[in-house]
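Me: Please give me a close look at a single part of this structure, explained step by step. I should also like to see how that part fits into the whole.

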Amino acid sequence: MRATAAKKIHSLLKKFDSHDDIYINCVIENIRGFSASTRYTQRQTFLIMCQNLMRNKKLFLDEFAETFLLLAQDKVSNVRITAGIILLKNIKKTSFLIIS
């Protein structure tokens, strides 16, 4: 259930008009909150959200790439593995590599 909901976050952000900056920023801050959780499952959820947010390269690079790369070095191996799987899938699909 969590993974399915996380994958839908991209659709939610797409529904906002450009003049809805307050709502967009609120959603972005809530997404970022998952990355700072003490629970590793929440940090994994952030990575899963990023998987579909990568479709919007500018948004991802501006708002989430740095945090994504930090989580790729997380102390919990499950989080690191999730980040690696998502990066590999994204590179295969789009040839888009995050470089910071």
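What follows is a close look at the second largest pocket and then at its surroundings. Which residues line the second largest pocket, and which helix gives the most to that lining?

Reply: It should be said at the outset that this is a predicted model. The protein chain has 7 helices and 0 strands, so every element in the pattern read along the sequence is marked α, as α-α-α-α-α-α-α.

The second largest pocket holds about 160 Å³ of space. Its lining consists of Gln-51, Asn-52, Met-54, Arg-55, Ile-86, Lys-89, Asn-90, Lys-93 and Thr-94. Two helices, H4 and H7, each supply at least two of these residues. The greatest contribution is that of H7, with 5 residues. Sorted by class, the lining comprises 4 polar, 3 charged and 2 nonpolar residues.

Arg-55 is a useful residue to follow within this lining. Its place is in the loop between H4 and H5. Arg-55 counts as exposed, because its relative accessible area of 60% is over the 50% cut-off. Another member of the lining is Thr-94. Although Arg-55 and Thr-94 stand 39 residues apart along the chain, their C-alpha atoms are separated by 9.0 Å.

Helix H4 can be followed away from the pocket as well. Thr-41 is also placed in H4. The relative accessible area of Thr-41 is 25%, which lies between the cut-offs of 20% and 50%, and Thr-41 is therefore partly exposed. From C-alpha to C-alpha, Thr-41 is 7.8 Å from Val-79, a residue 38 positions away in sequence.

The nonpolar core offers a second view of the helices. The largest nonpolar core has 23 residues, and those that touch the most other members are Ile-31, Leu-47, Leu-53, Phe-64 and Phe-68. At least two residues of this core come from each of H2 (9–15), H3 (21–35), H4 (40–53), H5 (57–63), H6 (65–71) and H7 (77–94). The largest share, 6 residues, is that of H4. Helices H4 and H7 thus supply residues both to the lining of the pocket and to this core. In soluble globular proteins, nonpolar side chains tend to be buried together.

Phe-64 shows what such a core residue touches. Beyond its neighbours within four places in sequence, Phe-64 is in contact with Ile-28, Ile-31, Arg-32, Phe-46, Cys-50, Leu-53 and Leu-59. Two of these partners, Ile-31 and Leu-53, are themselves among the core residues that touch the most other members. Phe-46 appears again in the surroundings of Thr-67, a residue of helix H6. With neighbours within four places in sequence left aside, Thr-67 is in contact with Ser-35 and Phe-46. The C-alpha atoms of Thr-67 and Phe-46 are 9.4 Å apart, with their positions 21 residues apart along the chain.

The figures for the whole chain complete the picture. Of its 100 residues, 38% count as buried. Among contacts with a separation of 6 or more, 57% join residues 24 or more positions apart. The accessible surface comes to about 6500 Å², and carbon and sulfur atoms account for 55% of that surface.

Methods:
Residues are numbered from 1 along each chain as its sequence is written. This is a predicted model: local features need pLDDT of at least 70, side-chain atom pairs count only at pLDDT 80 or more; totals for chains, interfaces and linings use all residues. Side-chain values use heavy atoms; hydrogens and water are left out. A nonpolar core is a set of buried Ala, Val, Leu, Ile, Met, Phe, Trp, Tyr and Cys residues joined through side-chain atoms within 4.5 Å. Buried means under 20% relative accessible area, exposed over 50%, partly exposed in between (1.4 Å probe, protein chains only). Helices (H or I, at least four residues) and strands (E, at least two) are DSSP runs, numbered from the N terminus. Contact means heavy atoms within 4.5 Å. On a 1 Å grid over the protein atoms alone, a cavity is a set of points where a 1.4 Å probe fits but cannot get out, and a pocket is an open set with protein on both sides within 12 Å along at least five of seven lines; lining residues have an atom within 4 Å of a point. Grid points are joined across faces, edges and corners, and a volume is the space filled by probe spheres set on the points. Ala, Val, Leu, Ile, Met, Phe, Trp, Tyr, Cys and Pro count as nonpolar, Asp, Glu, Lys and Arg as charged, and the others, Gly among them, as polar. Accessible areas come from the Shrake-Rupley method with a 1.4 Å probe; for residues, only the protein chains shown count as cover.
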